[in-house]
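Let's take a walk through this structure together, from the overall fold down to its pockets. Have a look at it first.

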Amino acid sequence: MNQNIVILISGTGSNMMAVVQAARASQWERRFGARIAAVISNKEEAGGLALAREAGIATAVVPHRAYATREAFDAVLAQAIDAHSPSLVVLAGIMRILTPDFVRRYEGRLLNIHPSLLPAFPGLDTHRRAIEAGCRVAGATVHQVTAELDHGPILDQAVVPVLPDDDPARLQQRVLAQEHTLYPRAIERFLLDRAAH
């Protein structure tokens, strides 16, 4: 069974590249019939697009500023995604709140990584909020996406200690390093579960 994975990004694409590298190293195509079919960004200047092209992956840009409403943007984004017949849509740092209709369209096959230990600190500015709240640990969560922001069934988490001299930037760096292992691991387990059923 062929499983196409479409990855959505807005920026440098470091999580996207971690997934691409894991897919190759762990032979997802041979084991699960899963391949990274495309990387799509809402920003033309996203650094991850060049990395994806260098890796031989199809890319597309759907600039959100070109659309008057979230609904209009999401409809065109969905068309770009559907051109690749996706079995799985992976949000890897796309900085957009997606509409309920979009989320419903990909229900059960839409994954996200969030830089906190959900359900703590949904939304933005997670590292500053964790430090200000006096948290001893922070981390990242991979979850299935539902219409409610940063909710949905949790698939995996990584825990990172908050150090006494941490500022948001330092904490972010250590959490991001964990994300690069966590996201591919969670996606592989998701593919494995799907292959078993």
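How many helices and strands are there in the chain? There are seven of each, where helices (H or I, at least four residues) and strands (E, at least two) are DSSP runs numbered from the N terminus. Follow the sequence along and you'll meet them in the order β-α-α-β-α-β-α-β-α-β-α-β-β-α. The radius of gyration is 16 Å, close to the 16 Å that the globule rule gives for 197 residues, so the chain is as compact as a globular protein of that length. (That radius is taken over C-alpha atoms, and the rule is 2.2 Å times the number of residues to the power 0.38.)

Before going on, keep in mind that this is a predicted model: local features need pLDDT of at least 70 and side-chain atom pairs count only at pLDDT 80 or more, while totals for chains, interfaces and linings use all residues. Residues are numbered from 1 along each chain as its sequence is written, and side-chain values use heavy atoms, with hydrogens and water left out.

Along its principal axes, the C-alpha trace spans about 50 × 40 × 30 Å. Of the 197 residues, 46% count as buried, meaning under 20% relative accessible area with a 1.4 Å probe and protein chains only.

Now find helix H7 (168-196). At 1.5 Å a residue, its 29 residues should span 42 Å, and its end C-alpha atoms are 40 Å apart, which agrees; the expected span is 1.5 Å times one less than the number of residues. H7 bends by about 30 degrees at Glu179, a bend being the angle between axes fitted to the seven residues ending there and the seven starting there. Glu179 is also buried, as are Leu182, Tyr183 and Pro184, among others in H7.

H7 also gives the largest share of the lining of the largest pocket, four residues. A pocket here is an open set of points on a 1 Å grid over the protein atoms alone, where a 1.4 Å probe fits, with protein on both sides within 12 Å along at least five of seven lines; lining residues have an atom within 4 Å of a point. This one has a volume of about 1000 Å³, the space filled by probe spheres set on points joined across faces, edges and corners. Of its 37 lining residues, Gly93, Ile94, Met95, Ile113 and Pro115 lie nearest the centre.

The second largest pocket has a volume of about 200 Å³. Of its 13 lining residues, Arg24, Glu29, Arg35, Ile36 and Ile57 are the closest to its centre. Strand S2 (34-41) gives the most to that lining, with four residues.

Methods. Buried means under 20% relative accessible area, exposed over 50%, partly exposed in between (1.4 Å probe, protein chains only).
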